[in-house]
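Got the structure open in your viewer? Here's a short tour of some charged pairs, with a note on what to select at each stop.

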Amino acid sequence: MQERLSQLLANPDYNNLEQVKEIIMIRLNLKQYQQAKQFLATGKKNHISGSSQYLIFELLKKRVTDAELTDNGSKQ
């Protein structure tokens with residue numbers, strides 16, 4: 001997973017939503033929540049607020065936050 005993530009991050013295409021989703025899913029599997037949020041924040045800047053791509057970034061951010069909360073809850 002780490003190797004694939006490195007390949008994707010070498011030249012990320014924030015307009016390729018499949019690539020964005022793959023990066024986020026790998027980050028979630030690696031429990032790299034903060035890095036996932038930072039990646040999404042950077043990508044979201046490239047899209048107009050309210051556009052469908054922008055909304056997808058928002059949904060992915062919620063998914064990251066939910067995964068982080070679930071993971072932190074299970075550790076307690």
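Start by selecting Glu 68, which is buried, with a relative accessible area of 14% (buried means under 20% relative accessible area, exposed over 50%, partly exposed in between, with a 1.4 Å probe and protein chains only). Before going further: this is a predicted model, where local features need pLDDT of at least 70 and side-chain atom pairs count only at pLDDT 80 or more, while totals for chains, interfaces and linings use all residues. Residues are numbered from 1 along each chain as its sequence is written, and side-chain values use heavy atoms, leaving out hydrogens and water.

Now add Lys 37 to the selection. It forms a salt bridge with Glu 68, with the closest N and O atoms 2.6 Å apart (a salt bridge is a side-chain nitrogen of Lys or Arg within 4 Å of a carboxyl oxygen of Asp or Glu). This pair links distant parts of the chain, with Glu 68 in helix α4 and Lys 37 in helix α3, 31 residues apart (helices are DSSP runs of H or I, at least four residues, numbered from the N terminus). Lys 37 is partly exposed at 23%.

Next, pick Asp 71 and Lys 31, another salt bridge, with closest N and O atoms 3.3 Å apart. Asp 71 sits in helix α4 (residues 52-75) and Lys 31 in the loop between α2 and α3, 40 residues apart. Asp 71 is buried at 10%, whereas Lys 31 is partly exposed at 48%.

Last stop: Glu 18 and Lys 21, whose side chains meet in a salt bridge (3.7 Å, N to O). Both lie in helix α2 (residues 17-29), about one turn apart. Glu 18 is exposed at 56%.

Methods. Helix = DSSP H or I, 4+ residues; strand = E, 2+ residues; numbered from the N terminus.
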